[in-house]
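Welcome to this guided tour! Open your viewer, get your selection tool ready, and follow along one stop at a time.

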Amino acid sequence: MLSKILNDLDEIQAKFETDSRDIDDNKLLENLRVKYLGRKSALTDMFKYMGQLPNDQKPILGQKLNVLKNLIQDRLDHIKQDLKVKTQKIEIDLSLPGQDVFRGKIHPIMQILDEIKEFFVGLGFTIEIGREAENDFYNFEALNIPPDHPSRDMQDTFYLHNELLLRTHTSPVQIRTMEKQQPPIRMLAPGRCFRKDTPDATHSPMFHQVEGLVVDKNTSFAELKGILLAFARFMFGSETKIRFRPSFFPFTEPSAEVDIWWENKNTGAGNWLEILGCGMVDPAVFDAVNYDSELYSGYAFGMGIERIAMLKYQIADIRVFYNNDIRFLTQF
Ligand code: PHE
């Protein structure tokens, strides 16, 4: 008799395995429970044999019954839990503080560039882009830079193959712009430049410049001075003082470097700090683009954006602009 009973229990278990699949709501789950563990279930019915078996067989049946009962109960609990998770509503506590969303920012170099552009575009300057890989003609020759000039040296310039080099300044954009259009010209050319410098606090092999060029019939050094003074005051404050210091560039004559007076508000101590180079376009440059230098004159200026940013924000080391340190970048 015992083996027949144990056999029946195996069948009940097998049937339960099939029935308990695909239970997807609480009603089906309750039906399943009643069917297998309810008072009239086949399993409950089996407990009656406990009284009929000889004493030595009772523990065997008892153990088997308990194991099966626990197995069924476990499975039912499991299904119940699964159904609960599936139908759970997501509860939102509207009183909790919001989560901070990380917002990207415009890089300080680009912010300064945007300010520079804003000033000059307001004066009617157009934006020219040029190219980072230039050839000798645009970067040097057309700008009246002699063959033996140190900036042409392998030590100072990155040469690519096919006669190309990485432009060492944005001045080649002057030439490209004059080649493609006739005066009057008022253009601004921002972009990356490259020089074979060993990185330190004030040097980087890649940096940014903005070039300006004006060509027209009656331009003058006085006009250049006026524009650059207005620019310096726009950039560094309305009280800013500037000075023009005679200098030399092969493509401008006369040439000057512009300094701003930088003063410590507390101590009153200060010094002159260079912000850009400029000058009247050299007639040799007009010759290179076939402009009539008797009819036209012009002025040009070029500035390092990093330099302006370092002055404006009192940054001592140029390398912080390229480290991508979020603690630095989020300050702007
Ligand atoms: N190209 C010069 C430099 O890189 C700057 C400059 C531009 C000077 C235009 C005069 C006129 O130093």
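**Stop 1: the ligand**

Begin by selecting the ligand, and keep in mind that you are looking at a predicted model. There are 14 residues around the ligand, and those that come nearest are H169, S171, R195, Q209 and E211. Show their side chains as sticks and go through some of them one by one.

- Pick H169: an N or O atom in its side chain is 3.0 Å from a nitrogen atom of the ligand.
- Move to R195: here an N or O atom of the side chain is 3.0 Å from an oxygen atom of the ligand.
- Then try Q209, which has a polar side-chain atom 2.9 Å from an oxygen atom of the ligand.

How much of the ligand does the protein bury? On its own the ligand would expose 330 Å², and the protein buries 89% of that.

**Stop 2: the two domains**

Now zoom out and colour the protein chain by domain. Select residues 2–86 for domain 1 and 108–329 for domain 2, following the domain assignment. The C-alpha centres of domain 1 and domain 2 are 87 Å apart.

**Stop 3: a patch on the surface**

Switch on the surface and select I90, I92 and L94. Together these three make a nonpolar surface patch of about 450 Å². Stay with L94 for a moment: you will find it in the loop between α4 (58–87) and α5 (108–122). Is L94 buried or exposed? Its relative accessible area is 80%, so L94 is exposed.

**Stop 4: salt bridges**

Hide the surface again and look for charged partners. How many salt bridges does the structure hold? The count is 17, and we will visit a few of them.

Start with R75 and E17. They form a salt bridge whose closest N and O atoms are 3.5 Å apart. R75 sits in helix α4 and E17 in helix α1 (residues 2–19), so this pair ties together parts that lie 58 residues apart in sequence. R75 is partly exposed, with a relative accessible area of 30%, and E17 is partly exposed too, at 26%.

Next, select R33 and E30. The closest N and O atoms of this salt bridge are 3.1 Å apart. Both residues belong to helix α2 (residues 26–37), and because they are three residues apart there, about one helical turn separates them. R33 has a relative accessible area of 35%, which makes it partly exposed. E30 also counts as partly exposed, at 38% relative accessibility.

For the third pair, go to E223 and R186. Their closest N and O atoms are 3.8 Å apart, and they form a salt bridge. Which elements does this pair tie together? E223 lies in helix α8 (residues 221–236) and R186 in strand β4 (residues 185–194), so the link joins parts 37 residues apart in sequence. With a relative accessible area of 27%, E223 is partly exposed; R186, at 30%, is partly exposed as well.

**Stop 5: a network**

For the last stop, select R243, R245, E257 and D259 together. These residues are linked in a network of salt bridges. Turn the view slowly and see how the four side chains are arranged on your screen.

Notes: Residues numbered from 1 in each chain as written. Predicted model: local features only at pLDDT ≥ 70, side-chain atom pairs only at ≥ 80, totals over all residues. Heavy atoms only, no water. Patch = residues over 30% accessible without salt bridge, like charges linked within 9 Å, V, L, I, M, F, W, Y side chains within 5 Å. Areas by Shrake-Rupley, 256 points an atom, 1.4 Å probe, with all protein chains shown as cover. Salt bridge = Lys/Arg side-chain N within 4 Å of Asp/Glu carboxyl O. Helix = DSSP H or I, 4+ residues; strand = E, 2+ residues; numbered from the N terminus. Buried < 20%, exposed > 50% of the residue type's maximum accessible area, 1.4 Å probe, protein only. Near = heavy atom within 4 Å. Polar contact = N/O pair within 3.5 Å; in protein donor to acceptor, adjacent residues only side chain to side chain. Domains from an automatic or database assignment.
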